[in-house]
Amino acid sequence: QLQASGGGLVQAGGSLRLSCVASGRTFGNYAMAWFRQAPGKEHEFVAAISANGRSTTSVDSVKGRFTISRDNARNTVYLQMNSLKPEDTAVYYCAADRGYYYTAPAQYDYWGQGTQVTVSS
């Protein structure tokens with residue numbers, strides 16, 4: 001089970017840190033990712049991190065602004081979001097896969113409930 005939190009309303013240029021806590025004892029075996037979904041749009045890949053935390057990837061639109069990280073001792077993955085823009089407004093979901101840190105949502109087996117991020121201009 002994945003529980004995402006940390007969303008909210010922020011002005012453009014502001015920052016938020018999303019957290020996703022996983023239940024269970026095998027968190028360190030799972031690659032983790034963040035996706036987002038704006039109204040009327042498909043799930044969009046944001047960032048992913050390997051199971052051991054040594055490798056990450058992110059979509060070009062967030063490079064230099066968002067950072068994904070994880071703390072396997074706390075069963076938690078984070079998404080630090082800086083310099084937020086109105087186009088970042090979406091529901092953000094964390095997802096887990098027992099394998100590679102894919103960018104396609106269909107590759108992920110487990111999903112959290114989502115947390116709303118709203119960036120005002």
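Asparagine 75 is buried in this predicted model, with a relative accessible area of 16%, and that value falls under the 20% limit for a buried residue. Asparagine 75 sits in the loop that runs between strand 7 (66-71) and strand 8 (76-81). Its backbone also deserves a look: phi is positive, about 55°, although the residue is not a glycine. As background, most residues other than glycine have a negative phi.

Serine 83 is another non-glycine residue with a positive phi, here about 50°. Serine 83 belongs to the loop between strand 8 and strand 9 (90-97). Is serine 83 buried or partly exposed? With a relative accessibility of 41%, serine 83 counts as partly exposed.

Just after asparagine 75 comes a residue worth clicking on, threonine 76, which is placed in strand 8. Threonine 76 is buried, at 6% relative accessibility. A polar atom of its side chain lies 2.7 Å from the backbone oxygen of arginine 74. Leaving aside neighbours within four places in sequence, threonine 76 is in contact with Ser19, Cys20, Val21, Phe27, Ser69, Arg70 and Asp71. Two of those partners, Phe27 and Arg70, meet in their own right: the charged end of arginine 70 sits over the ring of phenylalanine 27, 4.4 Å from the ring centre.

Another contact of threonine 76 is Cys20, and this cysteine leads to the disulfide. How many disulfides does the structure have? The count is 1 disulfide, and it joins cysteine 20 to cysteine 94 with an S to S distance of 2.1 Å. The torsion about the S-S bond is about 60°, so the disulfide is right-handed. Cysteine 20 lies in strand 3 (residues 16-22) and cysteine 94 in strand 9, so the pair ties together parts that are 74 residues apart in sequence. Cysteine 20 is buried at 0% relative accessibility, and cysteine 94 is likewise buried at 0%.

Here is the accessibility of the residues discussed so far.

| Residue | Relative accessibility | Class |
|---|---|---|
| Asparagine 75 | 16% | buried |
| Serine 83 | 41% | partly exposed |
| Threonine 76 | 6% | buried |
| Cysteine 20 | 0% | buried |
| Cysteine 94 | 0% | buried |

Now for the aromatic rings. The structure holds 7 aromatic pairs. One of them is made by phenylalanine 35 and phenylalanine 45, whose ring centres are 5.7 Å apart and whose planes meet at 70°, so the pair is edge-to-face. Phenylalanine 35 is in strand 4 (residues 31-37) and phenylalanine 45 in strand 5 (residues 44-49), so this pair ties together parts that are 10 residues apart in sequence. Both phenylalanines are buried. Which residues do ring pairs link into a cluster? They are Phe35, Phe45, Tyr93, Tyr108 and Trp111.

Stepping back to the whole chain, there are 0 helices and 11 strands. The radius of gyration is 13 Å, close to the 14 Å that the globule rule gives for 121 residues, so the chain is as compact as a globular protein of that length. Along its principal axes the C-alpha trace spans about 40 × 25 × 25 Å. Of the 121 residues, 43% count as buried. Among contacts between residues at least 6 apart in sequence, 58% join residues at least 24 apart.

Conventions:
Residues are numbered from 1 along each chain as its sequence is written. This is a predicted model: local features need pLDDT of at least 70, side-chain atom pairs count only at pLDDT 80 or more; totals for chains, interfaces and linings use all residues. Side-chain values use heavy atoms; hydrogens and water are left out. Helices (H or I, at least four residues) and strands (E, at least two) are DSSP runs, numbered from the N terminus. Buried means under 20% relative accessible area, exposed over 50%, partly exposed in between (1.4 Å probe, protein chains only). Rings of Phe, Tyr and Trp (its six-membered ring) pair if their centres lie within 6.5 Å; planes under 30 degrees apart count as stacked, over 60 as edge-to-face and the rest as tilted. A charge sits over a ring if NZ of Lys or CZ of Arg is within 6 Å of the ring centre and within 35 degrees of the ring normal. A disulfide is a pair of cysteine sulfur atoms within 2.5 Å. A polar contact is a pair of N or O atoms within 3.5 Å; within protein, one must be able to donate a hydrogen and the other to accept it, and residues adjacent in sequence count only if both atoms are side-chain atoms. Contact means heavy atoms within 4.5 Å. The radius of gyration is taken over C-alpha atoms; the globule rule is 2.2 Å times the number of residues to the power 0.38.
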